[in-house]
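The exercises below ask you to read a structure step by step, and each task is followed by a worked solution. Please try each task on the display before you read on.

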Amino acid sequence: MTVLQRLARALGHRVPTSRWGPTLAEAEGGVRGLATSARARAKFYADPVEAVKDIADRAKIMVSGFGLCGIPENLIQALFRTRVKELIMVSSNVGVDGFGPGLLLEAKQIACLICSYVGENTLCERRYLAGELELELTPQGTLAITADFALVKGWKADRAGNVIFRKSARNFNVPMCKAAETSVVEVEEIVDVGTFAPEDIHVPNIYVDRVIQGEKHEKRIEHLALRKEHDEKAKSADDPGARIVKRAALEFEDGMYANLGIGIPLLASNCISPDMTVHLHSEHGILGLGPFPPKDEVDADLVNAGKQTVSIFPRGCFFSSDDSFAMIRGGHLDLTMLEAMQVSKYGDLANWMIPRKKVKGMGGGHGLGVQSQDQSGGHHGALHQGQRTKILEKRTMPLTGKRCVDRIITDKAVFDVHKKKGLTLIELWDGLTVDDVTEHGQPFAVSPNLRPMQQVAA
């Protein structure tokens, strides 16, 4: 007798016949078997307002997406129309003024914002600094907590409520969909069951409560970056930023897995030799980032950590943000490059906030700073807001990662950082003397092998 037959014989008389779907065949002896149900958990809506109208004042909601990539545009608009207020909103960032989650902020429907990066939303920064908004900045790797509702953007859902996502628009959509009491998913298309294979499903229907097909999707691009435009910029005359880019590019090694922060670190990727393979990782869910795309290949669902349009190499892949941070925490990255506001002489990194002046948020920098095996802090003058000294005895700005920096690259010099002994000058820009870099304000050792600051070949 099989296990199922024995189980059915033991329980059969207590299990009613399902009126929703087929039952197992009768077990031996005429005892009816276990029942199964074809009833879908997800409820499908035609009107997005109907799907969110029970979100009450002071509810805690999660709004998915990364920048403007993969945001539930129609659900956000619907929530805006309900005029619900005093919301606690969890989101990776607030997008831009007047669009996406920024629309709810502008309408003063958000009382408290929990995010990892303020991004390009100047209104959010102003309101926080003025004391008009409660802001809780949380590292990106621990952002998907719990909430009453999650507003999620998928690519397609089948009629059973299973959902798949497209390219880097998967990002926070997957973990947020799983973490809410009620998950409302907006998709571009609803398809028949069986359209995509069971093994291709990204979020199974057990996590999905409501589904709507969006009427239209603008898919606004936050930062359009084209390959031709970047190539022209790369040929510009040498400047402090270009020095850092061309030196930072020498940190890459063949076969390396690397994460590059927004700004100068991302620009360094364009100087990687074509004879070298470097697997570029992005914390919102990409491995194998390629260069900026030509105009006819721009895709709003494919952006890098700086929200710039980008391409992906054939060997690349996509995944959700929680998988991305599992890679980081597991120590699978060989190199991380981040821009820095301040670095202490022992490698403490600060790069996300100037108190009472500027608030950006730590984004993925905290997880990268704490967990990465090799950390490069690239200084860029434009980021320091008039601060004269960027390398300090002790950092004065909020901490990103403690003693996590191994090498500092500036426009004048390159320093190695020892966690106990401090700084050693290893490279100096041609034409400068050691006295020219004492403005960094900290004593440092000079390597006996001091050499001119290296630059990647053009």
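**Exercise 1.** Determine which residues asparagine 121 touches, not counting residues up to four places away in sequence.

*Solution.* Begin with the place of asparagine 121, which is in the loop between E4 and H5; here helices (H or I, at least four residues) and strands (E, at least two) are DSSP runs, numbered from the N terminus. Next, look for contact, meaning heavy atoms within 4.5 Å: asparagine 121 touches Val94, Gly95, Val96, Asp97, Gly102 and Leu105, with residues up to four places away in sequence not counted. Then consider polar contacts, each a pair of N or O atoms within 3.5 Å, where within protein one must be able to donate a hydrogen and the other to accept it, and where residues adjacent in sequence count only if both atoms are side-chain atoms. A polar atom of the asparagine 121 side chain lies 3.4 Å from the backbone oxygen of valine 96. Finally, asparagine 121 counts as buried because its relative accessibility is 1%, where buried means under 20% relative accessible area, exposed over 50%, and partly exposed in between (1.4 Å probe, protein chains only).

Before going on, keep in mind that this is a predicted model, in which local features need pLDDT of at least 70 and side-chain atom pairs count only at pLDDT 80 or more, while totals for chains, interfaces and linings use all residues. Residues are numbered from 1 along each chain as its sequence is written, and side-chain values use heavy atoms, with hydrogens and water left out.

**Exercise 2.** Work out which elements give two or more residues to the largest nonpolar core.

*Solution.* A nonpolar core is a set of buried Ala, Val, Leu, Ile, Met, Phe, Trp, Tyr and Cys residues joined through side-chain atoms within 4.5 Å. The largest such core has 29 residues, of which Ile55, Ile61, Leu79, Met89, Leu113 and Leu151 touch the most other members. Two or more residues come from each of helix H2 (48-52), strand E2 (60-63), helix H3 (73-82), strand E3 (87-91), helix H4 (101-106), strand E4 (110-115), helix H5 (122-129) and strand E6 (147-153). H3 gives the largest share, four residues. As a further step, follow leucine 113, which touches Met89, Val94, Cys124, Leu133, Glu134, Leu135 and Glu136, again not counting residues up to four places away in sequence. Apart from this core lies another, of 26 residues, among them Ala249, Leu260, Leu280 and Ile426.

**Exercise 3.** Explain why cysteine 115 forms no bond with the closest cysteine sulfur.

*Solution.* A disulfide is a pair of cysteine sulfur atoms within 2.5 Å. The closest cysteine sulfur to that of cysteine 115 belongs to cysteine 124 and is 5.7 Å away, so it is too far for a bond. Cysteine 115 is buried at 0% relative accessibility, and cysteine 124 is likewise buried, with a relative accessible area of 0%. For the structure as a whole, the count of disulfides is zero.

**Exercise 4.** Trace how strand E9 (residues 180-187) pairs, and find out why it is largely enclosed.

*Solution.* Two strands pair if DSSP finds at least two bridges between them. E6 and E9 pair in the parallel sense over six bridges, with lysine 153 standing opposite glutamate 186 in E9. E9 also pairs with strand E11 (residues 210-213), in the parallel sense and over four bridges, and in E11 the bridge partner of glutamate 186 is isoleucine 212. Seven of the eight residues of E9 are buried, so the strand is largely enclosed by the rest of the structure.

**Exercise 5.** Locate the residue to which UniProt assigns the feature "active site", and describe its surroundings.

*Solution.* The unreviewed UniProt entry places this feature at Glu283; UniProt positions are given in the numbering used here, feature names are shortened, and annotations may be inferred rather than shown by experiment. Glutamate 283 is in the loop between strand E13 (279-282) and strand E14 (286-289). The residue is buried, with a relative accessible area of 8%. To finish, look at its side chain, which a polar contact of 3.1 Å joins to the side chain of asparagine 259.
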